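Please open the structure in your viewer and keep the sequence panel visible. The tour below goes from one selection to the next.

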Amino acid sequence: MNIYEYQAKEIFRQYKVAVPQGLTASDPDTARKNAEKIGGEGWVIKAQVLAGGRGKAGGIKVARTLDEVQEYAGEILGKALVTKQTGSTASKVQTVLVEQLVNIDRELYVAMAVDRVLARVVCIASSRGGVDIEDTAENEPGSIFKEYIDPITGLMPFQARKIAFRLGISGKEALKKAVNILTRLYTVFTGCDCSLAEINPLVITKENEIIALDAKLGFDDSALMRQPDIGKLRNEEEESPAEKMAREAGLSYISLEGSIGCMVNGAGLAMSTMDSIKFYGGQPANFLDVGGGASRDTVTRAFTILMSDKNVKAILVNIFGGILQCDLLAEGIVAACHEVKPGVPLVVRLEGTNVEKGRQILRDSGLNIISEDTMKDAAVKAVEAAH
């Protein structure tokens with residue numbers, strides 16, 4: 001689950017991570033009034049969307065007068081902001097954050113994430129933060145470094161100082177502030193069950209303050225049961241109908257922009273299936289993991305979710321029958337097809353317990369199901385069907 005910048009900054013404030021003074025607004029008049037409350041000689045008007053790259057897409061503007069605050073808020077509010085991270089579609093901006101303009105000297109990048117291979121939190125940092133961080137990562141990977149954190153000890157002071165030194169921060173007071181903000185960011189990450197805690201940019205001002213100018217927090221959905229206050233921050237209006245249906249059904253679903261709907265059990269098999277579709281010239285329309293114990297009802301819901309995407313031109317079901325045996329799964333697929341009536345070509349590849357019984361059930365169903373024995377053949381047939 002992701003939240004808006006202003007919500008992330010409220011959490012930062014709770015953990016005493018320094019952020020600029022700011023207020024939200026949903027109309028230009030309120031934006032102007034909030035700028036007056038904040039005071040100062042300049043303000044930044046920032047679109048609140050669940051994606052990065054806002055600056056280059058016209059979602060962040062600097063205002064020097066109250067009239068400009070009102071004008072820029074009017075330009076941003078209601079705009080469908082399309083960035084590199086939103087893809088070709090985006091929801092309309094409903095809220096802006098009006099913040100005090102900060103006197104920036106340097107822009108840095110700091111993030112906490114999980115390295116799943118090493119099973120540790122990793123701090124990713126760069127002395128070249130800001131809007132071009134993605135280009136920096138691609139063209140100058142050497143300017144980005146990592147510091148791995150032992151889950152038993154947490155972020156140690158010497159590690160925080162090491163990161164600060166590599167960011168080019170010097171001087172006793174500046175180092176102390178940098179260590180504090182890095183330590184607190186790690187505390188946010190672990191205390192809130194984050195999957196990502198990112199500050200881009202983390203700025204050093206000309207007054208030698210260190211401030212989180214932006215804030216991005218993503219959370220592990222599986223941990224929301226112990227983070228009820230964070231769970232309340234979810235904005236269902238930002239979710240597609242398919243994503244909302246999947247969440248209510250307890251399915252793992254991510255919408256993509258391709259034409260081949262995927263229904264798979266297990267995240268690893270789902271990723272392999274998507275890779276195979278791409279390899280043979282197709283584009284997956286989604287990631288959908290029905291889990292190891294998928295029932296007839298689960299399969300029916302999964303088909304309903306897939307068919308809610310008008311871009312789906314074919315469906316590939318790739319299931320390994322372990323806990324759920326292939327014959328029971330095949331019965332679920334047949335029943336779901338009678339109920340949902342997919343209306344697009346359906347390719348099914350089954351493997352595992354009672355696989356021959358499952359394949360026979362599909363053959364005897366009388367439905368127009370393309371049954372394949374290997375993932376390669378299934379992917380090829382799905383790509384051909386979608387075309």
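What follows is a list of stops, each with something to select and a note on what is there.

**The whole chain**

Start with everything shown. This is a predicted model. The protein has 387 residues, and 47% of them are buried. In a cartoon view, look for 13 helices and 16 strands. Measured out along the principal axes, the box filled by the C-alpha atoms is roughly 75 × 50 × 40 Å. Of the contacts with a separation of 6 or more, 67% join residues that are 24 or more positions apart.

**Helix α5**

Select residues 157-166, which form helix α5. Which residues of α5 are buried? They are Gln159, Ala160, Ile163 and Ala164. These four lie on the same side of α5, because they cover an arc of only 140 degrees around the axis.

Now add β6 (120-126), β7 (144-149) and α6 (172-191), which are among the elements that cover these buried residues. Then step just past the end of α5 to Gly168, where phi is positive, at about 85 degrees.

**The second largest pocket**

Next, turn on a surface. Rolling a probe the size of a water molecule over the atoms shows where empty space is left. The second largest pocket has a volume of about 160 Å³. To find this pocket, select its lining: Val114, Arg116, Val121, Phe189, Thr190, Asp193, Cys194, Ser195, Asp220, Ala223 and Arg226. Colour the selection by class, and five nonpolar, two polar and four charged residues appear. Both α6 and β8 (194-205) supply at least two residues each to this lining.

Stay with one of the lining residues, Thr190. Thr190 lies in helix α6. Is Thr190 buried, exposed or partly exposed? Its relative accessibility is 37%, so Thr190 counts as partly exposed. Draw a distance from the C-alpha of Thr190 to that of Gly154: the two are 36 residues apart in sequence and 9.2 Å apart in space.

**The aromatic pairs**

How many aromatic pairs does a search of the whole structure find? The search finds two. A pair of aromatic rings is described by the distance of the centres and the angle of the planes.

Select Tyr4 and Tyr6 to see a stacked pair, with 5.9 Å from centre to centre and 10 degrees between the planes. Tyr4 counts as buried because its relative accessibility is 9%, while Tyr6, at 25%, counts as partly exposed.

Then select Phe279 and Tyr280. The centres of these rings are 5.0 Å apart and the planes stand at 90 degrees, so this pair is edge-to-face. Phe279 is exposed, with a relative accessible area of 65%. Tyr280, at 31% relative accessibility, counts as partly exposed.

**Ile277 in helix α9**

For the last stop, select residues 267-279, helix α9, and pick out Ile277 within it. Is Ile277 buried or exposed? Ile277 counts as buried, because its relative accessibility is 0%.

Show what surrounds this side chain. Apart from neighbours within four places in sequence, Ile277 is in contact with Ile260, Cys262, Gly282, Gln283, Pro284, Leu316, Ala379 and Val383. One of these contacts is Cys262. The C-alpha atoms of Ile277 and Cys262 are 9.6 Å apart, and the two residues are separated by 15 residues along the chain.

Notes. Residues numbered from 1 in each chain as written. Predicted model: local features only at pLDDT ≥ 70, side-chain atom pairs only at ≥ 80, totals over all residues. Heavy atoms only, no water. Buried < 20%, exposed > 50% of the residue type's maximum accessible area, 1.4 Å probe, protein only. Arc of directions from axis to C-beta. Contact = heavy atoms within 4.5 Å. 1 Å grid on protein atoms, 1.4 Å probe; cavity = no way out; pocket = protein on both sides within 12 Å on 5 of 7 lines; lining within 4 Å. Points joined across faces, edges and corners; volume = space filled by probe spheres on them. Nonpolar A, V, L, I, M, F, W, Y, C, P; charged D, E, K, R; others polar. Phe/Tyr/Trp six-rings, centres within 6.5 Å; stacked < 30°, edge-to-face > 60°.
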